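Good morning, colleagues. I should like to take you through one structure today, beginning with its interior and ending with the two chains as wholes.

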Amino acid sequence: MLDHTVSLVTFVPLVGAIVIAFLPRERPDLARATALVAALVAWLFSLGLLVGFLPTHPGFQAVEVADWIPAFGIQYKVGVDGLSVVLVVLTTTLTWISILASFGPIRERVKEYMVSFLILEVGMIGVFVALDLFLFYIFWEVVLVPMYLIIGIWGGANRIYATIKFVLYTLVGSLLMLVAILATAFAFQDAHGGQWAGAFDFEQLRTFAGTTGFANGLQLAAFLAFFLAFAIKVPMFPFHTWLPDAHVEAPTAGSVILAGILLKLGAYGFIRFAIPLFPDAAKTYAPAIIVLSLIALIYGAIVALVQPDLKKLVAYSSVSHMGFVTLGIFIFQQQGLYGAILQMVNHGLITGALFLLVGVVYERTHDRTIARMGGLSARTPVYAATFGFFMLASLGLPGLSGFVGEFLVLVGTFAYNPVVAGIATLTMIFAAGYLLWMYQRLFFGDLSEFLCGLGAHLTDIRPVETLTLVPLATLVVVFGLFPGLILHLVDGTVTSVLSGLQRATAINLFFWQ
Amino acid sequence: MSWQDVAIVGPLVGAILVAIAILLVDLVVPGRRGPALTVALLGLGLVAVLTALAGRTPGQAFGGAYTVDALTTFLDLLFISIVGLTIVFAPDYLEPRDLPIAEFAAVLVFALTGAMLIAASTDLLVLFLGLELMVLPGYLLAGFAKRDSLSTEGAIKYFLLGSFSSAIFLFGLAYVWGITGTTRVAEVAAELARVAAGGAALQPGLALGLAFMTTGVAFKIAAVPFHYWTPDAYQGSPTPITGYLSVGPKVGAFALILRLFVGALGPLRADWLDVIIVLAALTMTLGNLVALTQGNVKRMLAYSSIAHTGYMLVGLAAYAGGRQEGLQGLLYYGAAYTFMNLGAFAVVAALQHRPGVTSALETFAGLGRREPLLGILMTLFLLSLTGIPPTAGFFAKAYVILAAVQAGGALSVLAVIAVLNAAAAAFYYLRVVVYMFMREPVAETEPQRHSSLVWAGLWATTVLTIVLGLVPGPLLSVVTDAAKALTS
């Protein structure tokens, strides 16, 4: 079967970026239009991928293989399973929304901005579809550079500090992961009589991990390296400190993508690579990772409570929400994993929307200090209602998608350990606290002095802005009522991850051989 | 000497003739850049063709002192590209400063002959001869701007330390000759293999010889702690020459290491492994740490070139640890480093087109707005130097790290040190990007015009930087053959 859909989805944005590079500088409108068209085409292709996907079919679909560096058995191998499909569609959706949302705020160097954004999309989709570890690593790093530029060039006042911090954090993790990838491939090659064929092929490596298994020492070290790379991206406590800076300084669309997709790369890495390749090590480290997740949950929520800056508040709430994802993954339990995947999607939709909403108010006031706001609901009723909707989705109101993911994770966690589940549930109270309190300070009461001073500038939400939010709101409702739409797709992924773990046993950290 | 010998040394003789031809042309039509450059570039092209032709029939000349094999061909072609690119980049910089272009090109081609001699020599004395032939023009080049006190200072430092290290190296060579009784690489290796097979501790004489030779070579490649001459020599030299000095003599010295340490001293590799590991770790770490604090891009690139020496040494260490891939990685790294570093220096030189412009970070402020294309190309070179895919620098780094991981043991630790260093290096490389794209220019300066020669060179390095990262296959098989030729 010659199916190139996956490559098309991945590289259509690149074509768009190349076209934009040759457009005249004086015509930013052309660059904007081309970027939007490229993103929409990629989105349509990804929908095609979704429609053609067979949930009952085990393994990867639409696989494309071509030799790339035969001397090391490195291939261009891409393909999707349910998890990939869901995340690819999430990526393409959020990308065109972000590009649309950038039309107004980005007025300088539009051409470069759109090129960066489309290359960023290539990297993100590539990470989700790569089935060769070397290729995966390359896409993983490709994501880094455009984001560095987006924050550094189009960001806020303190953007340079934030962007360099972002790059250095991510790079330390990912370079160690590179060593681990090479060591893993070498171990595979060594076990196959020095033949490199398949040494970077994810499917063959996974089969090897499920049968012979990698040596304990390698597993412990390599998992740690993968963990570091992914934990920094998620970000898990205590590797999260780059996130608030990056979010606060990034332009609105940058924040949307950062929260919506980039954080998912880490969680995806755990589910796709770290756990299946090193199941014994995963079981060994799981308790520690669960503890870190709990800390992230509580800590993120408490810190969010006291943030004076609106964007920082949403950023810390991300730390907390992603804690649910890692918790759900590492309890190694069916509901937990389903919940984690659902939470990944929900967080992408809801937090993406919240950042868009923060962008709306920022564009009018050029300020994000919560204390200077107040009484917005009188002047901008539609905005207030929309914000309220996503705020409720974020705190987990039943009927909206945020609830289902968190609920499933908690159910799974309860089966794993009631105490852990109890602690995790506490977060939901904190979340209600910081979200409602924020909402109250922003929208209720009399119009604040600061906002009064803005006069006619303080307009309600505009049609273009609505256009970016409506699809997200629709999906939040749909997935809230019919979570099965996603769960059904990722059935195969969940089963395969959990069955790979069944034979695994935790390694005794003190007496491993 | 037979006709066959002449055919084998043909490319080398060709290079000497090119250098003489450049001088003659300059005598006939003095002071014009066109004719001299045409002769130089055409001549180099011809030498490259000759090299490729000679490489098709491997053989030895002069009783085994001069060898043409896959390694020689690869290194020769690399040297020719280095010299060719330098000649392409330099005129735009030299001309406004009234520095003679023809002499510059001739001196460079003379240095090329030295490097080519190193690449082909399988005799310790010829090796030394080649080394001196390569570095002597380097001293001249470092002091090329003779009215500039910094240039003169750098040249004197370079010359003094260079001579010292040559003497130390020669001293070590004498020990090895005294103990093995021969200067032919193959025979030295055979003799040392006998010594190593005995399993006894290294004789004091041999140990001394090894230590002296390592020290001498470490000076030449600017490995820490023998690197002190580098920043001054590099900063003082005219920028295109700095680019050459950071690549040419370094790759040349690595060629010497391959012929000497791998070819002749290979049997003793267990004895020099530890030294190389320590040298590599120190060189990477210190080079990067000091580069972090530099506010001048040229000086920063000088220190970062020290760090790159360290990464290449990781490949050598992996070889000593029993992995052929280490040599392949080292050779690949050499090629990748050549193009990305020459490209980066070419951009710095292009910015300094007008005399009086410094290479301080401020010069780069707002470049992305002033000359976007130059800014984008520089970003690409810097990303490659950092090791971000899909560039040549990434694949080269992955290759040496893979070899180190394969060798295992202490070398796995070295691999981790290498990647942590790469992360640290990102900070200072990306700082230049910050200045280019994220800061406003200090003073409004006009965009400058660069000659089409410079653009051609920049595009060549750009394409190679990308291709060696995206399609490493072809070069991979070349370096595999080269490494095989050396060890079989």
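**The nonpolar core**

Let me begin with the largest nonpolar core, which has 416 residues. The residues with the most contacts inside this core are A105(B), V109(B), A317(B), I401(B) and A404(B). The element that gives the most to the core is helix 6 of chain A, residues 159–191, with 20 residues. Please bear in mind throughout that this is a predicted model.

Which residues does A317(B) touch, leaving aside those up to four places away in sequence? They are L273(B), I276(B), I277(B), A280(B), G326(B), A404(B), L411(B) and L414(B). One of these partners, A404(B), is also among the residues with the most contacts inside the core.

**Two helices of chain B**

I turn now to helix 14 of chain B, residues 324–351. Its 28 residues should span 40 Å, because each residue accounts for 1.5 Å; the end C-alpha atoms are 41 Å apart, which agrees. As for its surroundings, this helix is mostly covered, with 27 of its 28 residues buried.

Helix 6 of chain B, residues 124–142, has 19 residues. From first C-alpha to last it reaches 27 Å, close to the 27 Å expected at 1.5 Å a residue. Its buried residues are L124(B), V126(B), L127(B), F128(B), G130(B), L131(B), M134(B), V135(B), P137(B), G138(B), L141(B) and A142(B). What covers them? The cover includes strand 2 (66–68), helix 5 (101–120), helix 7 (149–180), helix 8 (185–198), helix 10 (229–236) and helix 11 (239–264), all of chain B.

**Helix 17 of chain A**

In chain A, I would draw your attention to helix 17, residues 418–443. It has 26 residues and reaches 38 Å from its first C-alpha to its last, close to the 38 Å expected at 1.5 Å a residue.

Which residues of this helix are buried? They are A424(A), T427(A), F430(A), A431(A), Y434(A), L435(A), M438(A), L442(A) and F443(A). You will notice the spacing in that list. As a general point, an α-helix has 3.6 residues a turn, so residues three or four places apart point the same way. The cover over the buried residues of helix 17 includes helix 11 (279–305), helix 12 (310–330), helix 14 (376–379), helix 15 (381–395) and helix 16 (401–416) of chain A.

V419(A) also lies in helix 17 of chain A. Is V419(A) buried or exposed? It is exposed, because there are 11 other C-beta atoms within 10 Å, and a residue counts as exposed at 12 or fewer. The C-alpha atoms of V419(A) and R368(A) are separated by 38 Å, the two residues being 51 residues apart along the chain. After helix 17 of chain A comes G445(A), with a positive phi near 85 degrees.

**The hairpin of chain A**

Strand 1 (residues 61–69) and strand 2 (residues 74–80) of chain A pair in the antiparallel sense, over six bridges. Within this pairing, A66(A) stands opposite Y76(A) of strand 2. Four residues lie between the strands of the hairpin, and G73(A) takes a positive phi there, near 65 degrees.

**Where the chains meet**

How many residues does each chain bring to the contact? Chain A brings 25 residues and chain B 24 residues. On the side of chain A that touches chain B, helix 5 (133–154) and helix 6 each supply at least two residues. The largest share of that side, 14 residues, comes from helix 6 of chain A. By type, the residues on the side of chain A divide into 22 nonpolar, one polar and two charged.

**The chains as wholes**

Finally, the overall figures. The secondary structure of chain A comes to 20 helices and two strands, and that of chain B likewise comes to 20 helices and two strands.

For chain A, with 513 residues, a compact globule would have a radius of gyration near 24 Å; the chain has 22 Å, which agrees. Its C-alpha atoms fill a box of roughly 75 × 60 × 40 Å along the principal axes, and 61% of its residues count as buried.

For chain B, with 488 residues, a compact globule would have a radius of gyration near 23 Å, and the 21 Å of this chain agrees. The corresponding box for the C-alpha atoms of chain B, along the principal axes, is roughly 70 × 55 × 40 Å. Buried residues make up 62% of chain B.

Terms used. Residues numbered from 1 in each chain as written. Chains lettered and ligands numbered in written order. Predicted model: local features only at pLDDT ≥ 70, side-chain atom pairs only at ≥ 80, totals over all residues. Core = buried A, V, L, I, M, F, W, Y, C linked by C-beta atoms within 7 Å. Buried ≥ 20, exposed ≤ 12 C-beta atoms within 10 Å, placed from the backbone. Contact = placed C-beta atoms within 7 Å. Expected span 1.5 Å × (residues − 1). Nonpolar A, V, L, I, M, F, W, Y, C, P; charged D, E, K, R; others polar. Pairing = 2+ DSSP bridges. Rg over C-alpha atoms; globule rule 2.2 N^0.38 Å.
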